[in-house]
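Visitor: I am new to this structure. Please pick one part, look at it closely, and show me how its surroundings fit around it.

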Amino acid sequence: MRRVIIAGNWKMNKNLQESIDLANFIKRSLFDIADVEIVICPPFTSLSDVEEVIMDSNIKMGAQDVYWEKEGAFTGEISCSMLKSAGCEYCIVGHSERRLLFGETNETVNKKTKALLREGLKPIVCVGEKLEERKNGRTFSVVKDHVEKSLSGLTRDQMLKIIIAYEPVWAIGTGLNATKDEAQEVHKYIRSLLKAMYDEELAKSVRIQYGGSVKPDNIKELISQEDVDGALVGGASLKADSFCAIVKNCL
Ligand code: PGA
């Protein structure tokens, strides 16, 4: 049984006090939810303070990016052990905004994924095609490339700790979400890739989130799809009401 996982990616939003307030509201509203795994991903500057708020609650925390080296002269970067010491359990890697705006490649995603696993953190690895790629019938080939290269060289045990987030780039922040059928088609395809890379049992165990304009009113039909195991939520995770409604609509 794959447990539904809803993660909120706050991106470059929320100063310290706003982060604390949002985390507090989410904690209070969702304190009795046991059947959905709930993760919030604040900006780096808020991680430790948000951890204070959610400590001993059912809310978990993730970061939005990481650097793969252990420590040293890498100005501006954050290591896996820093994230762990701030209270993170998860970390998003390979988000399309990082791929498009900051030169992230499958190779760097792979290095980050391996570094996180070495530190005992769970990577949320994002994959997904751009609009022209979908229009040109290249959705599957792009997703295959992202999955195979970003996740190459992982042991079976490591792979079981990964969450994959399928995020069609054309659906992120645009209000245009993939239909439930479009999402299901790609999620099923990703599972077939995992089966080819490992085995059927593993393919059935790995959780695959959908991301891209997820809102309280479309989560139900997305989550009802056989291969959709949750969501990575951007815009709608910035307001406590909509994020909490998304989580509750998964029940
Ligand atoms: P969105 O972002 O929900 O605002 O479309 C999703 C994401 O970038 O993870």
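Guide: One term comes first: a residue is buried when its relative accessible area is under 20%. The model is predicted. The part to look at is strand β8, which covers residues 230–233. G230 and L232 point one way from β8. A231 and V233 point the other way. Both sides are enclosed, since all four residues are buried.

Now the strands beside β8. Strand β1, residues 4–9, runs parallel to β8, and four bridges join the two. A7 stands opposite L232 in this pairing. Strand β7, residues 207–211, also pairs with β8 in the parallel sense, over two bridges. There Y210 stands opposite A231. So much for β8 and its partners.

Another set of strands can be read in a similar way. Strand β5 spans residues 122–127. Five of its six residues are buried, so β5 is largely enclosed by the rest of the structure. β4 pairs with β5 in the parallel sense, over four bridges. V93 has V125 as its bridge partner in β5. β5 also pairs with strand β6, residues 163–166. That pairing is parallel too, again with four bridges. Here C126 finds its partner A165 in β6.

What packs against β5? Helix α5 is one answer: the buried residues of α5 pack against β5, and also against α3, β4, α4, α7 and α8. Helix α5 holds 13 residues, from 106 to 118. From first C-alpha to last, α5 reaches 18 Å, close to the 18 Å expected at 1.5 Å a residue. Its buried residues are N106, T108, V109, N110, K112, T113, A115, L116 and L117. Just after α5 comes G120, with a positive phi of about 80 degrees.

Strand β4 leads on to A63. A63 sits in strand β3, residues 59–63. Its relative accessibility is 0%, so A63 counts as buried. I92 is 29 residues away from A63 along the chain, yet their C-alpha atoms are separated by 6.2 Å. Beyond its neighbours within four places in sequence, A63 is in contact with C41, F44, L47, L83, C88, Y90, C91 and I92.

Three cysteines appear among those contacts of A63: C41, C88 and C91. Are they bonded or unbonded? The structure holds zero disulfides. For C41, the nearest cysteine sulfur is that of C88, 7.8 Å away. For C91, the closest cysteine sulfur is also in C88, at 7.0 Å, which is too far for a bond; a disulfide needs sulfur atoms within 2.5 Å. C41 has 0% relative accessibility, so C41 counts as buried. C91 is likewise buried, at 0%.

Next, helix α7, which the buried residues of α5 also pack against. α7 covers residues 139–150. T139 is found in α7, and at 9% relative accessibility T139 counts as buried. Leaving out residues up to four places away in sequence, T139 touches E129, E133, R134, Y166 and V186.

V186 belongs to helix α9, where V186 is buried. Helix α9 has 18 residues, from 180 to 197. α9 reaches 26 Å from its first C-alpha to its last, close to the 26 Å expected at 1.5 Å a residue. Others buried in α9 include A183, H187, I190, L193 and L194.

Rings come next. The structure holds four aromatic pairs. In one of them, the rings of F140 and Y189 have centres 4.2 Å apart and planes at 5 degrees, so the pair is stacked. F140 lies in α7 and Y189 in α9, so this pair ties together parts 49 residues apart in sequence. The two rings are not equally covered. F140 counts as partly exposed, at 33% relative accessibility. Y189 is buried, with a relative accessible area of 17%.

Elsewhere, ring pairs link Y67, W68 and F74 into a cluster. R98 lies over the face of F102, at 4.2 Å from the ring centre.

Back to the starting point, then. β8 has β1 on four bridges and β7 on two. Its residues point in two directions, and all are buried.

Note on methods
Residues are numbered from 1 along each chain as its sequence is written. This is a predicted model: local features need pLDDT of at least 70, side-chain atom pairs count only at pLDDT 80 or more; totals for chains, interfaces and linings use all residues. Side-chain values use heavy atoms; hydrogens and water are left out. The expected span of a helix is 1.5 Å times one less than its number of residues. Buried means under 20% relative accessible area, exposed over 50%, partly exposed in between (1.4 Å probe, protein chains only). Two strands pair if DSSP finds at least two bridges between them. Contact means heavy atoms within 4.5 Å. Rings of Phe, Tyr and Trp (its six-membered ring) pair if their centres lie within 6.5 Å; planes under 30 degrees apart count as stacked, over 60 as edge-to-face and the rest as tilted. A charge sits over a ring if NZ of Lys or CZ of Arg is within 6 Å of the ring centre and within 35 degrees of the ring normal.
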